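Good morning, and thank you for coming. I would like to take you through one structure this morning, and I ask that you keep it in view while I speak.

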Amino acid sequence: MPDQHPDQHLGATPDGHTHEHTHRPRALRLGVAGPVGTGKSSILATLCRELAGELAMAVVTNDIYTDEDARFLRSAGVLPTERIRAVETGACPHTAIRDDVSANLDAVEDLEEAYGPLDLVLVESGGDNLTATFSPALADAQLFCIDVAGGGDVARKGGPGITGADLLIINKTDLAPHVEVDVAAMVADASHARDGLPVLALSKHDSASVAELADWVRELLVRHRSGTHVPTDPGPMAPHSHSHDHGHDGS
Ligand SMILES: Nc1nc2c(ncn2[C@@H]2O[C@H](COP(=O)(O)OP(=O)(O)O)[C@@H](O)[C@H]2O)c(=O)[nH]1
Ligand SMILES: [Mg+2]
């Protein structure tokens, strides 16, 4: 499986001029990762609601054992149901978005073939913990989602998604007063950990924040189409921690 997307720059000639009538690049593939329950499916629903009127979209969900997320999104009525595909990942959800992305790539390519040309394909990871990130072979860009309900210190805990995703979302800010979290401090901690990469405080009940999210995706799509967006790898999973405290013997 090639790591690069050779069709990425088909709209541009080597000297940088674009041709109106050549292929535009294939759809932008945007991954959404983050721990279970932080609001990934809700973000997909929000993005479909905000953007499906102007962009041709499709969705791939990754669930460990079920197609729960796909069913949630179908029932939300934000996209024609056939444009929402589920990949069942089995026991290790990060494998399917990181190490062997073939099932996900198949799902994305099937959707592009059936409903293309598409502008945007959203891929939701099967959330597990703070360590799962998308391979750049699957996602051109990725959001990482944490929420205020997980506690104000989550942003300081780091991990490749928090530090290196294209956009970090601190979700459910409407709940902050109920869980005694200072959103501004959480954003500041996150920004510090990310060295200038963007952080967005989001609530599905706050339309200004939803508009900011939609605008971020629109701008990313412009960069993807012009060939100026370079997919970056936030880094591999952090090492697994072990409950036992003796060392490994050379394995
Ligand atoms: N109060 C509040 N709840 C939210 C928000 N976003 C998602 N939720 C709720 O959080 C729960 C988990 O959301 P879901 O999108 O399924 O999370 P996922 O497991 O990361 O896909 C659901 O009950 C959502 O309704 C938000 O902005 N504010
Ligand atoms: Mg979900």
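**A walk through the model**

I begin with a single residue: V36 is exposed, because 12 other C-beta atoms lie within 10 Å of its own. In the chain, V36 sits in the loop that runs between β1 and α1. Before I say more about that loop, please note that what you see is a predicted model.

In that loop between β1 (28-33) and α1 we also find P35. Is P35 buried or exposed? P35 counts as buried, because it has 22 C-beta neighbours inside 10 Å. The cut-off behind that statement is that a residue with 20 or more such neighbours is called buried, while one with 12 or fewer is called exposed.

Both residues appear in an annotation. In the UniProt record, which is an unreviewed entry, the label "binding site" covers G34, P35, V36, G37, T38, G39, K40 and S41.

This brings me to the ligand. How many residues surround ligand 1? There are 16, and the closest are G39, K40, S41, S42 and K204. The element that gives the most to this shell is helix α1, residues 40-51, with three residues. By character, the shell around ligand 1 consists of two nonpolar, nine polar and five charged residues.

Let me now step back to the protein as a whole. It has seven helices and seven strands. Read from the N terminus, the elements follow the order β-α-β-α-β-α-α-β-β-α-β-α-β-α. Of its 251 residues, 43% count as buried. If we take the contacts between residues at least 6 apart in sequence, 73% of them join residues at least 24 apart.

Next, the strands. What is the setting of β4? Five of the five residues of β4 are buried, so this strand is largely enclosed by the rest of the structure. Its side chains point in two directions: L120, L122 and E124 one way, V121 and V123 the other, and all are buried.

Strand β4 has partners as well. It runs parallel to β1, and five bridges join the two. In that pairing, L28 stands opposite L120 of β4. Strand β2 is also joined to β4 by five bridges, and these two run parallel. Here V59 is found opposite L122 of β4.

From β2, residues 57-63, we can move on to β3, since a further pairing is present: five bridges join these strands, which run parallel. V60 stands opposite R85 in β3. Strand β3, residues 84-88, is mostly covered, with four of its five residues buried.

I turn now to some details of the backbone, for which a general remark is useful. Most residues other than glycine have a negative phi, and most peptide bonds are trans.

Against that background, look at the bond between G116 and P117: it is a cis peptide bond, with omega at about 0 degrees. P117 belongs to the loop between α4 (102-115) and β4.

Two residues deserve attention for their phi values. K172 has a phi near 65 degrees, a positive value in a residue other than glycine. K172 is placed in the loop between β6 (167-171) and α6 (183-194), and it counts as buried because it has 26 C-beta neighbours inside 10 Å. For D195, phi is near 55 degrees, again a positive value in a residue other than glycine. D195 lies in the loop between α6 and β7 (199-201). With 8 other C-beta atoms within 10 Å, D195 is exposed.

One more loop residue is T131, found between β4 (120-124) and β5 (141-147). How should we class T131? It is partly exposed, because 19 other C-beta atoms lie within 10 Å. T131 and P160 are 29 residues apart along the chain, and their C-alpha atoms are separated by 6.4 Å.

Finally, a word on confidence. The average pLDDT of the protein is 85, and 83% of the residues score at least 70. Over residues 1-22, however, pLDDT stays under 50, and the model has 24 contacts beyond four places in sequence for this stretch. Residues 240-251 also have a pLDDT below 50, and that stretch has zero contacts in the model beyond near neighbours in sequence.

Thank you for your attention.

How values were computed:
Residues are numbered from 1 along each chain as its sequence is written. Chains are lettered from A and ligands numbered from 1 in the order in which they are written. This is a predicted model: local features need pLDDT of at least 70, side-chain atom pairs count only at pLDDT 80 or more; totals for chains, interfaces and linings use all residues. A residue is near a molecule or strand if its C-beta atom, placed from the backbone, lies within 6 Å of it. Ala, Val, Leu, Ile, Met, Phe, Trp, Tyr, Cys and Pro count as nonpolar, Asp, Glu, Lys and Arg as charged, and the others, Gly among them, as polar. pLDDT is the predictor's confidence in each residue, from 0 to 100. Two residues are in contact if their C-beta atoms, placed from the backbone, lie within 7 Å. UniProt positions are given in the numbering used here, feature names are shortened, and annotations may be inferred rather than shown by experiment. Two strands pair if DSSP finds at least two bridges between them.
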